[in-house]
Amino acid sequence: MQTTALRATGREPRSGLTRRLELLAEVLFVGVLVSIASVPLVTSLAAAGAGATLLREMAETERTPTVRRFGALIAKSLRQPVVTLAPTAAVTVASLDLLALAAGVPGGRPVGVLTALALGCVGLVGLRGAARWRPASLWRDALGSAAESVPRDWKGSLMLVGAMVVLGVVVFEVPAFAPVLPGLLVLAAVAVEGRRPR
């Protein structure tokens with residue numbers, strides 16, 4: 001299937017060390033694009049979906065990721081309100097929780113822990129939803145099926161949690177890696193969804 005796709009794009013398959021280096025550079029490039037586009041926070045889900053699509057296209061057809069293609073995918077995502085409403089709701093809940101903790105509200109610490117766990121689950125759904133989203137599909141459907149997959153495919157969810165923890169430690173130790181962190185997380189989500197039984 002991959003060979004057919006490559007022929008369709010008029011490109012010959014690449015292999016060897018050169019391809020590996022190109023792949024690494026392209027993954028890092030996608031990571032930087034996702035990071036920049038996620039700065040407003042409300043666009044983070046659209047950015048993750050666009051990044052996941054670029055990574056899938058790289059793997060399936062060796063299509064080189066470009067800023068133009070990334071921008072077109074984000075613009076397509078932003079036509080669906082849910083893609084901005086979901087991150088906005090998560091950021092609002094997190095902000096209120098932090099304010100409650102800072103104000104010393106009674107019971108704030110347990111509530112904070114529960115809220116952090118809930119936000120972690122929301123992050124998992126968002127990552128898996130971004131990896132499932134396709135340019136011709138609805139974000140609502142992608143997020144709905146991703147929410148169902150979090151407990152059903154618990155092994156994949158654990159892999160993503162592990163990836164988040166490892167990357168968090170890496171960025172804590174070497175903050176210079178922060179710009180490529182979102183791209184690596186999206187890559188992990190695409191890999192997890194790619195192994196999902198169909």
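Reader: Which residues does Trp139 touch, leaving out those up to four places away in sequence?
Author: This is a predicted model. In it, Trp139 touches Leu45, Ala46, Gly49, Ser77, Gln80, Val82, Val83, Gly129, Ala130 and Trp133.

Reader: What about the largest nonpolar core, how many residues has it?
Author: The core has 38 residues. Phe70, Ile74 and Trp139 are those with the most contacts inside it.

Reader: Which elements give two or more residues to this core?
Author: They are helix H2 (16–38), H3, H4, helix H6 (108–132), helix H7 (139–152), helix H8 (154–173) and helix H9 (181–194).

Reader: And which one gives the largest share?
Author: H3 does, with nine residues.

Reader: OK, H3 and H4 then. How do people describe two packed helices?
Author: By the angle between their axes and the distance between the axes. For helix H3 (residues 44–61) and helix H4 (residues 67–77), the axes come within 9 Å and cross at roughly 135°.

Reader: What do you call that arrangement of H3 and H4?
Author: Oblique. Angles over 145 degrees would count as roughly antiparallel, and the crossing angle here is roughly 135°, so H3 and H4 are oblique to each other.

Reader: Is the crossing of H3 and H4 left-handed or right-handed?
Author: The crossing is right-handed.

Reader: Which residues meet there, between H3 and H4?
Author: From H3, Ala46, Ala47, Ala50, Gly51, Thr53, Leu54 and Glu57; from H4, Arg69, Phe70, Leu73, Ile74 and Ser77. The residues of this contact divide into seven nonpolar, three polar and two charged.

Reader: Now H6 and H9. At what angle do they pack?
Author: About 70°, with their axes 8 Å apart. H6 and H9 are therefore roughly perpendicular to each other. H6 passes H9 in a right-handed crossing.

Reader: Which residues of H6 and H9 meet?
Author: Leu127, Arg128, Ala131 and Arg132 in H6 meet Leu185, Val186, Ala189, Val190, Val192 and Glu193 in H9. That contact divides into seven nonpolar, no polar and three charged residues.

Reader: Different topic, the loops. Where is Leu41?
Author: Leu41 sits in the loop between H2 and H3. Its phi is near 65°, a positive value in a residue other than glycine.

Reader: And where does Glu62 lie?
Author: In the loop between H3 and H4. Glu62 is not a glycine, yet it has a positive phi of about 60°.

Reader: Is Glu62 buried or exposed?
Author: Glu62 counts as buried, because its relative accessibility is 7% and buried means under 20%. Leu41, at 44% relative accessibility, counts as partly exposed.

Definitions and conventions
Residues are numbered from 1 along each chain as its sequence is written. This is a predicted model: local features need pLDDT of at least 70, side-chain atom pairs count only at pLDDT 80 or more; totals for chains, interfaces and linings use all residues. Side-chain values use heavy atoms; hydrogens and water are left out. Axes are lines fitted to C-alpha atoms, for helices over the stretch in contact, and angles run from 0 to 180 degrees between N-to-C directions. Helices (H or I, at least four residues) and strands (E, at least two) are DSSP runs, numbered from the N terminus. Angles under 35 degrees count as roughly parallel, over 145 as roughly antiparallel, 65 to 115 as roughly perpendicular and the rest as oblique. A crossing is left-handed if the near helix is turned anticlockwise from the far one by less than a right angle, and right-handed if clockwise. Contact means heavy atoms within 4.5 Å. Ala, Val, Leu, Ile, Met, Phe, Trp, Tyr, Cys and Pro count as nonpolar, Asp, Glu, Lys and Arg as charged, and the others, Gly among them, as polar. A nonpolar core is a set of buried Ala, Val, Leu, Ile, Met, Phe, Trp, Tyr and Cys residues joined through side-chain atoms within 4.5 Å. Buried means under 20% relative accessible area, exposed over 50%, partly exposed in between (1.4 Å probe, protein chains only).
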